[in-house]
Amino acid sequence: MNNPMRLYMSMSLDGYIAGPDDRPGQELGRGGGRLFNWQDDREADSPSGQVYREALATGAVISGRRTFELARRWQGDHHDGVPVFVLTHHVGDGDVPPGHTRFVTDVEDCVRQARAAAGDRPVMVHGAGAAQALLRAGQMDEMEIHLIPVLLGDGRRLFDHLGSDHIELDLVRRLEDRDVTHLRYRVRRRGEAA
């Protein structure tokens, strides 16, 4: 697979990607900034630096609408001018996204556009809503989870609305660093044997 759909998300051990009350002005929720302490080492010659550089080498981004809005639409540029595809249920009249961003309402269409735009580079998936939609549609290839050794206790969970079907994963990489374990999983296709 040349350009996998790869989720990149920081998550607490109890499954939260933001603390409670995530909203504009408090985008990570109360206490949610704790999940991103590992990025203090993003410029280092370390596992966290490696993972961060890999994320920024992606050729396109798929984001959920909530993530996009909480991030103040990234002012139209997530990183390096790569195309950003915002998976959304509805596009309001006159709502024109900034920069290299476009709204897409169909999961499969979003994946096709992002893969084509990324060329031979991976596609970064960002946000719980987009991750859940791609997983439910069988369109997620890999997940890079930055597991943080903390129990937030409340907030926004990454895997809340997946339905009752099992999704099997294979751990393909584990990198330990200060205050984080970077876990990369390959998502098995439905019916694929272990």
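**Sheet, cores and loops in a predicted model**

Biologist: I see S3 and S6 pairing in the parallel sense. Over how many bridges do they pair?

Modeller: A quick caveat: this is a predicted model, where local features need pLDDT of at least 70, side-chain atom pairs count only at pLDDT 80 or more, and totals for chains, interfaces and linings use all residues. Residues are numbered from 1 along each chain as its sequence is written, and side-chain values use heavy atoms, leaving out hydrogens and water. Helices (H or I, at least four residues) and strands (E, at least two) are DSSP runs numbered from the N terminus, and two strands pair if DSSP finds at least two bridges between them. Ser63 has His126 of S6 as its bridge partner, and the total for S3 and S6 is four bridges.

Biologist: And with S4, which residue is the bridge partner of Gly64?

Modeller: S3 and S4 also pair in the parallel sense, over four bridges. In S4, the partner of Gly64 is Leu87.

Biologist: How many of the residues of S3 are buried?

Modeller: Buried means under 20% relative accessible area, exposed means over 50%, and partly exposed is in between (1.4 Å probe, protein chains only). Ala60, Ile62 and Gly64 point one way from S3, while Val61 and Ser63 point the other way, and all are buried. That is why S3 is largely enclosed by the rest of the structure: the count is five of five.

Biologist: Zooming out, which are the edge strands of the sheet?

Modeller: The sheet is open, with eight strands in the order S5-S4-S3-S6-S1-S7-S10-S9 and mixed pairing. An edge strand pairs on one side only, and that fits S5 (101–104) and S9.

Biologist: Which residue of S10 stands opposite Leu171?

Modeller: S9 and S10 pair in the antiparallel sense, over eight bridges. The residue of S10 opposite Leu171 is Tyr185.

Biologist: H1 packs on that sheet, so to speak, crosswise or not; what angle does its direction make with that of S9?

Modeller: H1 touches S1, S6, S7, S9 and S10, where contact means heavy atoms within 4.5 Å. Axes are lines fitted to C-alpha atoms, for helices over the stretch in contact, and angles run from 0 to 180 degrees between N-to-C directions. For H1 and S9 the angle is about 125 degrees.

Biologist: How many degrees of arc do the buried residues of H1 cover?

Modeller: Those residues are Ser48, Gly49, Val51 and Ala55. The arc is taken from the directions that run from the helix axis to the C-beta atoms. They sit on the same side of H1, because their arc is only 165 degrees.

Biologist: Which element gives the largest share of the largest nonpolar core?

Modeller: A nonpolar core is a set of buried Ala, Val, Leu, Ile, Met, Phe, Trp, Tyr and Cys residues joined through side-chain atoms within 4.5 Å. Among the 31 residues of the largest one, Met5, Leu7, Ile62, Val125, Leu134, Met140 and Leu158 touch the most other members. The largest share, six residues, comes from H4.

Biologist: How many residues of H4 are buried?

Modeller: The buried ones are Ala128, Ala130, Ala131, Gln132, Ala133, Leu134 and Leu135. H4 is mostly covered, with the buried residues numbering seven of nine.

Biologist: Is Arg136 buried or partly exposed?

Modeller: Arg136 is in H4, and leaving out residues up to four places away in sequence, it touches His161, Leu162 and Arg190. With a relative accessibility of 42%, Arg136 counts as partly exposed.

Biologist: Over in the loop between S2 and H1, what is the phi of Asp21?

Modeller: Most residues other than glycine have a negative phi. Asp21, in that loop, is partly exposed at 37% relative accessibility. Its phi is positive, near 65 degrees.

Biologist: Which side chain makes a polar contact with that of Asp22?

Modeller: Asp22 is in the loop between S2 (16–18) and H1 (47–56) and is buried, at 13% relative accessible area. A polar contact is a pair of N or O atoms within 3.5 Å; within protein, one must be able to donate a hydrogen and the other to accept it, and residues adjacent in sequence count only if both atoms are side-chain atoms. At 2.9 Å, the partner of Asp22 is Arg156.
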